[in-house]
Amino acid sequence: MEIKAIRGFNDILPSEIRKWQFVERIAREVFEGFGFSEIRIPVLERTELFARGIGESTDIVEKEMYTFLDRSGNSVTLRPEATASIARAYLEHQLYSFDPVAKLYFIGPMFRYERPQKGRYRQFYQVDAEVFGVGNPMVDAEVILMLMHFLKKVGLERLELHLNSLGCRACRPRYREDLRNFLKRKTFQLCRDCQRRLQMNPLRIFDCKVQTCQEAIVEAPRVIDFLCEDCQIHFDKVKEYLQMVGLDYILNPRMVRGLDYYTRTAFEVVSYHLGAQNAVTGGGRYDNLFKEIGGPDIPGIGFAVGMERLISLLPNERHTISRPHLFIAALSGEPQKEAYRLVNQFHLEGIWAELDYEGKSLKSQMRRADKLKARFTLILGDEEMRKGKAILRDMDTHTQEEVFISDLLKIFKEKVSPQKSTPS
RNA sequence: GUGAGUGUAGCUCAGCCGGAUAGAGCACUGGGUUGUGGCCCCAGUGGGCGAGGGUUCGAAUCCCUUCACUCACCCCA
């Protein structure tokens, strides 16, 4: 009891692991169906990768990273997100030389030093997918379709897909200035945080929950009115393709992103059952990332799904209770040894059998067999054993019969249907 | 980093305008059936009230400090 897990770092217990395995399985099936390949990236990267990729002045880099010096004195960081690492791997291994278009996905833990709250932990898992090498808006819609399909397959409904365009290097600065000028005239209306944001990153004011700030921005200029011609065309196409693949979305000109590398298409899927951290997933296009980390000019788009958030939305049923095929209740001495021999023999055949190790009373063993929800219980007593037999009790039907111990394995191989054993 | 709330048995929680050995339900163990489960009945194990300090004749109950958890802000998946 003395040593506890580190704050914000959680155990995933056997009782909830089925949900995780389920979501991971669906992710793999859906993504691979869309032509994505899994990639696995290291937990630790050079700090520089994130500083340059995500942006020096972002909150993540400024105050949320687990950064430290390793024993050689290099500054290293536990990955706070996957995109930069995946892009790094793509460049480092020249994956573009095989095919300039790369569709990659990744599932694993990320680390951010934030104050934990509902749906936000210091170690948290993301399901991440990225497409590198295509700037065409078709891919934007394709990626969003895959995302929504995945969420649907996993069983989530009533989600809102929010869509926006953040513009590019050519048009966003112009918008920023315009927004700043607009809000400067309303400075007195803004909360202290927003007055600070006005200087740092005026777009963030859209996220503020203070009433007066909300009022101040009601008539604020919108990004989508400032898009340059290329961005406008791109955005129109994205919407057109989304419609073509049959996806509904909510145009949300106020949705902004916290990572510097995002350009143009930005999207988020929110649920109102999540509390304050209501984004199940977020993503977008990032046509500047590769240049930032020292690569060629390669466009990219992707998303990250928050596993904990997603799982908290999952319906509670669905988890199949796993139950032992057999519980072996032995009475004493010789039967106990026989039980031990049998249990291990069963295990080698992939049949889940349990027994009591403590030499408890039959009643107590039966209770445990019941608690474990064993399908059958084998009662090994001296009398039957002398005849080479034992009592096999069907716990569901409450019936029992004497069987030859030598026949047991055969009996159970028949009883254990193929689906019940581990599915491949 | 800021704010609010909470911290009593393995779990959920009661007790908290101070007062004599700290309670309930569930769980666990044993028994009621010298060899048989789920219901029921009986009995039992288990905490000294997050930690430290203070006030008091006396503190789980009041005060201070600290830690942890939760939610919210910030930000994000």
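## Domain organisation

Domain bounds, as used here, come from an automatic or database domain assignment. In this predicted model, chain A is divided into domain 1, which comprises 14–171 + 227–313, and domain 2, which comprises 326–420. The centres of domain 1 and domain 2, taken over C-alpha atoms, are separated by 51 Å.

## The three-stranded sheet

Three strands form an open sheet in the order β2-β4-β3, with antiparallel pairing. Strands β2 and β3 occupy the edges, and each has a single partner strand, so one side of each lacks a neighbour in the sheet. From one strand to the next, the twist averages 35°.

The antiparallel pairing of β3 and β4 extends over four bridges. Phe68 stands opposite Val76 in β4.

## Helix α2 and its surroundings

Helix α2 (residues 47–54) is largely enclosed by the rest of the structure, because six of its eight residues are buried, where buried denotes under 20% relative accessible area. The buried positions are Thr47, Leu49, Phe50, Ala51, Gly53 and Ile54.

With respect to the sheet, α2 lies across β2, β3 and β4 and runs at about 75° to β2. The buried residues of α2 pack against these strands, β2 (44–46), β3 (66–69) and β4 (75–78), and also against the helices α3 (59–64), α4 (83–92) and α10 (289–292). After α2 comes Gly55, whose phi is positive, near 120°.

Definitions and conventions
Residues are numbered from 1 along each chain as its sequence is written. Chains are lettered from A and ligands numbered from 1 in the order in which they are written. This is a predicted model: local features need pLDDT of at least 70, side-chain atom pairs count only at pLDDT 80 or more; totals for chains, interfaces and linings use all residues. Side-chain values use heavy atoms; hydrogens and water are left out. Buried means under 20% relative accessible area, exposed over 50%, partly exposed in between (1.4 Å probe, protein chains only). Helices (H or I, at least four residues) and strands (E, at least two) are DSSP runs, numbered from the N terminus. Contact means heavy atoms within 4.5 Å. Two strands pair if DSSP finds at least two bridges between them. Axes are lines fitted to C-alpha atoms, for helices over the stretch in contact, and angles run from 0 to 180 degrees between N-to-C directions.
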